[in-house]
Amino acid sequence: MTNTAENTLVLVFHPHLESGSVANRRLAEAARGVDGVTVRDVYALYPDENIDAAAEQAELLKADRIVWQFPMYWYSSPSLLKKWEDEVLAYGWAYGPGGDKLAGKKIMCAVTAGSTEDEYQRDGRFRATMDETLNPMRITTEYVGAQWLEPFAVYACTPDDLSDERLADAAERYAEVLRG
Ligand SMILES: Cc1cc2nc3c(=O)[nH]c(=O)nc-3n(C[C@H](O)[C@H](O)[C@H](O)COP(=O)(O)O)c2cc1C
């Protein structure tokens with residue numbers, strides 16, 4: 001197997017993917033339609049947020065490319081992704097002695113944001129780009145020896161701004177990236 005969509009694991013972290021999400025639900029649907037991509041709705045898997053780290057690690061081992069898909073919440077991810085990192089990227093597994101299980105894999109963020117791309121600029125409202133906002137995840141990725149891929153971002157994901165057309169376009173672009 002090569003590093004193609006055949007071995008891509010998309011981990012979706014949205015607290016209400018099926019009941020409240022518009023953007024992430026559509027992106028997850030697009031991902032499910034790509035050959036060989038496995039999508040896991042992590043909040044639905046662990047409604048009590050009691051993550052099965054061994055099960056998550058077993059899924060990660062099968063993947064060449066890992067995607068963390070989530071809505072931007074307070075310039076970071078929903079909290080379960082942080083908990084997932086803390087518990088799944090364990091000492092002796094992801095780092096430290098023998099901790100090389102993610103070395104050589106690729107990691108990508110797929111993010112939806114309520115704010116506009118203009119706001120995510122050095123000279124914009126937030127004085128930081130999306131890449132810079134995701135720095136903790138990039139550094140984590142590189143710390144565990146994985147390769148950081150260019151993030152996929154969809155901006156202005158609000159009921160007023162996200163037209164059906166723009167959503168369809170984002171879903172198609174996402175599928176293309178995953179087909180990569
Ligand atoms: C708790 C919370 C925090 C949010 N924080 C941000 C933020 O920091 N930056 C931003 O651009 N959008 C923020 N948003 C907007 C969400 O990113 C946006 O609603 C989401 O990406 C839309 O995707 P969905 O339809 O899948 O829920 C926030 C939304 C919520 C509910």
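**Notebook: ligand site and two helix pairs**

I began at the ligand and found a backbone N or O atom of Met-72 at 2.7 Å from an oxygen atom of the ligand. I note here that the model is predicted.

I looked next for other polar atoms at the ligand. A side-chain N or O atom of His-14 sits 2.7 Å from an oxygen atom of the ligand. For Trp-74 I noted a backbone N or O atom, 2.8 Å from a nitrogen atom of the ligand.

I then listed the surroundings. There are 16 residues around the ligand, and those that come nearest are His-14, Ser-21, Met-72, Thr-112 and Tyr-120. His-14 and Met-72 are thus on my list twice, once for coming nearest and once for their atoms at 2.7 Å.

I turned to helix α1 (residues 23–32) and helix α7 (residues 164–179). Their axes are 9 Å apart, and the packing angle is about 40°. I entered the pair as oblique, because an angle of about 40° is neither under 35 degrees nor in the range 65 to 115. The crossing of α1 past α7 is right-handed.

I wrote down who meets whom. From α1 I have Ala-23, Arg-26, Leu-27, Ala-30 and Ala-31; from α7, Leu-167, Ala-168, Ala-170, Ala-171, Tyr-174, Ala-175 and Leu-178. By class, I recorded eleven nonpolar residues, one charged and no polar in this contact.

My last entry is helix α3 (residues 53–62) with helix α4 (residues 79–88). Their axes come within 10 Å and cross at roughly 85°. I therefore put α3 and α4 down as roughly perpendicular to each other. Ala-53, Glu-56, Gln-57 and Leu-60 make the contact from α3, and Trp-84, Glu-87 and Val-88 from α4. I sorted the residues of this contact into four nonpolar, one polar and two charged.

Conventions:
Residues are numbered from 1 along each chain as its sequence is written. This is a predicted model: local features need pLDDT of at least 70, side-chain atom pairs count only at pLDDT 80 or more; totals for chains, interfaces and linings use all residues. Side-chain values use heavy atoms; hydrogens and water are left out. Axes are lines fitted to C-alpha atoms, for helices over the stretch in contact, and angles run from 0 to 180 degrees between N-to-C directions. Helices (H or I, at least four residues) and strands (E, at least two) are DSSP runs, numbered from the N terminus. A crossing is left-handed if the near helix is turned anticlockwise from the far one by less than a right angle, and right-handed if clockwise. Contact means heavy atoms within 4.5 Å. Ala, Val, Leu, Ile, Met, Phe, Trp, Tyr, Cys and Pro count as nonpolar, Asp, Glu, Lys and Arg as charged, and the others, Gly among them, as polar. A residue is near a molecule or strand if one of its heavy atoms lies within 4 Å of it. A polar contact is a pair of N or O atoms within 3.5 Å; within protein, one must be able to donate a hydrogen and the other to accept it, and residues adjacent in sequence count only if both atoms are side-chain atoms. Angles under 35 degrees count as roughly parallel, over 145 as roughly antiparallel, 65 to 115 as roughly perpendicular and the rest as oblique.
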